[in-house]
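Welcome, and thanks for taking a look at this one with us. Please open the sequence and the structure side by side before reading on.

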Amino acid sequence: VNCAAIPEGLIESELFGYAEGAFTSAKSGGKSGLLESANNGTFFLDEINSMPLPQQAKLLRVLQEREVRPVGARRAIALNIKFVVACNADLQAEVRAGRFREDLYYRLSTFVVELPPLRERMEDVPLLSEYLIRREAQRYGVELDAAELTRALTPIFRRYAWPGNVRELENILERLVVSWRIYGSCEALVEAMPRVAPEL
């Protein structure tokens, strides 16, 4: 679940579900929440730092009690879920700023995997590039030599700071694969880079 993509007014009913008659527009029979649907599995919350504070408190209760109470329900539902969360911000800084609950932070940070930005792992750029070129070429039905194009692009890519990380790399490579039809060779495409990818 991308926490930033669910409107604040709907996040509670989406995650926790609701009982019949819980509110005016509630479906008859109620609705299972996403947490209940993920029971006995793994639940991934992306951009957890975007979750509003009131819902953070309710999520903390779910993590502590290992149960969820749908909106308007009298009984809780037992949960057996592994939680994985991701964020695009420093959660400790968000806690200090009062935008993220400290108790929830400590509940979630049992095991932390920090993925450095692309600019700090430039050795990954050629591997990622070749994979993404192959994927986009297949998607758009373009015949090209992914390894050759990667070799031609790598010196250019290594000089760039990649503020948008892998998503930006993915976007630029999609643009280059689509542009391949116009230029038709690595040399012509590399020569056209100032026009095709001026941000580089």
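The notes below cover a strand pair, the salt bridges and the main pocket.

This is a predicted model. Strand 6 is a good place to begin, since strand 6 is joined to strand 3 by bridges and also supplies residues to the lining of the largest pocket.

**Strands 3 and 6**

- Strand 3 spans residues 42–45, and its side chains alternate between two faces.
- Phe43 and Leu45 point to one face and are buried, whereas Thr42 and Phe44 point to the other face and are not buried.
- Strand 3 and strand 6 (residues 82–85) run parallel, with four bridges joining them.
- Phe43, one of the buried residues of strand 3, has Phe83 as its bridge partner in strand 6.

**Salt bridges**

- The whole structure holds 10 salt bridges.
- Side chains of opposite charge can pair when their charged atoms come close.
- Arg61 and Glu67 form one such pair, with an N to O distance of 3.5 Å. Arg61 counts as partly exposed because its relative accessibility is 35%, and Glu67 is also partly exposed, at 23%.
- Glu130 and Arg134 form a salt bridge in which the closest N and O atoms are 2.3 Å apart. The two residues sit four residues apart in helix 6 (residues 124–140), so about one helical turn separates them.
- Glu130 is partly exposed at 24% relative accessibility, and Arg134 is partly exposed at 46%.
- Is the salt bridge partner Glu136 buried or exposed? Glu136 counts as buried, because its relative accessibility of 1% falls under the 20% cut-off.
- Arg135, which pairs with Glu136 at 3.0 Å between the closest N and O atoms, counts as partly exposed at 31%.
- Arg135 and Glu136 also belong to a network of salt bridges that links them with Arg139, Glu170 and Glu174.

**The largest pocket**

- The largest pocket has about 1,400 Å³ of space. It is lined by 36 residues, and the closest to its centre are Val85, Ala86, Cys87, Asn88 and Val113.
- Which elements each supply at least two residues of the lining? They are strand 6, helix 4 (91–96), helix 5 (102–108) and helix 8 (165–183).
- Strand 6 gives the largest share of the lining, with four residues.
- By residue class, the lining divides into 20 nonpolar, six polar and 10 charged residues.

Note on methods: Residues numbered from 1 in each chain as written. Predicted model: local features only at pLDDT ≥ 70, side-chain atom pairs only at ≥ 80, totals over all residues. Heavy atoms only, no water. Buried < 20%, exposed > 50% of the residue type's maximum accessible area, 1.4 Å probe, protein only. Pairing = 2+ DSSP bridges. Salt bridge = Lys/Arg side-chain N within 4 Å of Asp/Glu carboxyl O. 1 Å grid on protein atoms, 1.4 Å probe; cavity = no way out; pocket = protein on both sides within 12 Å on 5 of 7 lines; lining within 4 Å. Points joined across faces, edges and corners; volume = space filled by probe spheres on them. Nonpolar A, V, L, I, M, F, W, Y, C, P; charged D, E, K, R; others polar.
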